[in-house]
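This walk-through takes up aromatic ring pairs, then the internal cavity, then model confidence. Please keep the sequence and the structure in view while reading.

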Amino acid sequence: MKRNLKRILSKNETVLFIIIVAISILIGAANPAFWGISTVFNTARAMLIMLMFAMCEMLVIISGGIDVSFPAVATLAMYGTTLFMTKFGIDNIFFAFLMGACIGTLCGLLNAVLTTTFGIPALIATLGTSSFINGGMLTLLGSRELTIIPDSMERLYKVELLRRELPDGTVTSLTPLILIPILLCILFYFMLRYTMFGRAVYAVGGDPVAAQRVGFRVTAVKYKVYLLSGLIVGITGIVYTILMRLANATNLMGTEMMVIAAVVIGGVRITGGKGSVPGVVLGVLLINLVSNHLIIIGIPNYWQKFVTGVIIVLGTAMTSIRDKRIADSPKI
């Protein structure tokens with residue numbers, strides 16, 4: 001009993017949950033309105049894009065790689081799709097998601113070729129992809145925004161999954177787009193935990209040589225990882241366009257570090273082979289609380305970055321210490 005309790009308390013997910021509860025209590029004590037339904041809706045909306053990115057990054061890191069190109073890929077998908085649809089008068093939301101997914105998949109294929117076929121280190125390859133895409137867009141488009149989006153996107157933006165009227169008379173609502181990351185998290189959870197592909201991703205990330213010896217096709221697994229990640233990143237770009245009601249060549253750039261931080265805090269080992277969906281969800285929630293709500297208890301924006309950095313260091317250190325203890329423990 002005590003051993004099981006100790007094991008549960010030492011899990012990364014448990015530690016994150018305790019930290020999130022403690023921060024929430026502090027924020028709620030400073031501002032009781034924090035406990036309202038509007039906070040739930042606003043937090044869900046704020047987490048939406050980061051959570052989708054984090055699922056993709058988690059998959060890539062577990063497989064032993066890393067991807068810093070996803071903001072640029074999402075930007076290309078949202079801008080390219082919106083521009084194409086408005087220019088040719090296409091007004092179909094399914095076409096928007098399909099085109100965004102295709103653009104993202106092609107970029108994922110490029111990353112797979114660079115990292116797997118040519119053997120370029122993942123960080124260098126994806127950084128090059130990001131610079132190529134973002135630099136090309138800025139050269140051709142500058143900082144111009146597309147503020148006119150297809151009517152089908154506009155209609156989806158106005159749809160409300162849940163709607164609540166607050167005591168002060170204001171109305172808060174939840175977008176149905178939140179269902180996309182929820183379904184994505186469920187899909188990734190079962191894929192990584194119960195499918196042969198999920199086992200292959202962990203095996204390749206843990207030790208590609210050993211994975212090859214036991215029969216996993218390492219190259220094929222890595223290709224699938226980057227293709228799947230690119231597909232979902234492309235869809236994320238379309239979701240962002242609908243939420244923001246515009247397409248911009250620069251808005252998403254720079255978000256990669258916060259996403260990777262959330263993934264690492266969530267217990268994903270940066271060298272690959274380990275990580276879980278629940279941990280990443282909690283990591284994204286923690287980053288969101290620190291980024292958007294600490295100002296309620298009087299912590300300035302620049303200190304929020306400091307707190308985020310401390311959390312990243314501590315989270316990474318806890319994961320490393322726990323892995324070292326497991327490695328040093330006597331094998332029976």
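Helix H4 holds both Phe84 and Phe88, which sit four residues apart, or about one turn of the helix. The model shown here is predicted. A search of the whole structure finds six aromatic pairs, and Phe84 with Phe88 is one of them: the ring centres are 4.8 Å apart and the planes meet at 45°, a tilted arrangement. A tilted label applies here because the angle is neither under 30 degrees, as for stacked rings, nor over 60, as for edge-to-face ones.

How exposed are the two side chains of this pair? Phe84 has a relative accessibility of 32%, so it counts as partly exposed. Phe88 has a relative accessible area of 53% and is therefore exposed. The cut-off that matters for Phe88 is 50%, since exposed means over that value. Ring pairs also bring in Phe95, which joins Phe84 and Phe88 in a cluster.

Another aromatic pair is formed by Tyr189 and Phe190, with 5.5 Å from centre to centre and 90° between the planes, which makes the pair edge-to-face. Tyr189 is partly exposed, at 29% relative accessibility. Phe190 is partly exposed as well, with a relative accessible area of 45%.

The next topic is internal space. The search of the whole structure finds one cavity of 30 Å³ or more. The largest cavity contains about 50 Å³ of space. Which residues line the largest cavity? The lining is made up of Asp67, Ser69, Phe70, Val73, Gly108, Asn111, Tyr226, Ser229, Gly230 and Val233. By residue class, the lining has four nonpolar residues, five polar ones and one charged one. The charged residue is Asp67, because Asp is among the types counted as charged.

Three helices each supply at least two residues of this lining: H4 (70-88), H5 and H11 (218-244). Helix H11 gives the most, with four residues. Helix H4 thus has a part in both topics: it contributes to the lining of the largest cavity, and it carries the Phe84 and Phe88 pair.

Last comes confidence. Over the chain the mean pLDDT is 88, and 89% of the residues reach 70 or more. Where is confidence lowest, and where is it highest? Helix H1 (residues 2-10) has the lowest confidence, at a mean of 63, while helix H5 (residues 93-117) has the highest, at 97. Helix H5 is also one of the helices that supply the cavity lining.

Key
Residues are numbered from 1 along each chain as its sequence is written. This is a predicted model: local features need pLDDT of at least 70, side-chain atom pairs count only at pLDDT 80 or more; totals for chains, interfaces and linings use all residues. Side-chain values use heavy atoms; hydrogens and water are left out. pLDDT is the predictor's confidence in each residue, from 0 to 100. On a 1 Å grid over the protein atoms alone, a cavity is a set of points where a 1.4 Å probe fits but cannot get out, and a pocket is an open set with protein on both sides within 12 Å along at least five of seven lines; lining residues have an atom within 4 Å of a point. Grid points are joined across faces, edges and corners, and a volume is the space filled by probe spheres set on the points. Rings of Phe, Tyr and Trp (its six-membered ring) pair if their centres lie within 6.5 Å; planes under 30 degrees apart count as stacked, over 60 as edge-to-face and the rest as tilted. Buried means under 20% relative accessible area, exposed over 50%, partly exposed in between (1.4 Å probe, protein chains only).
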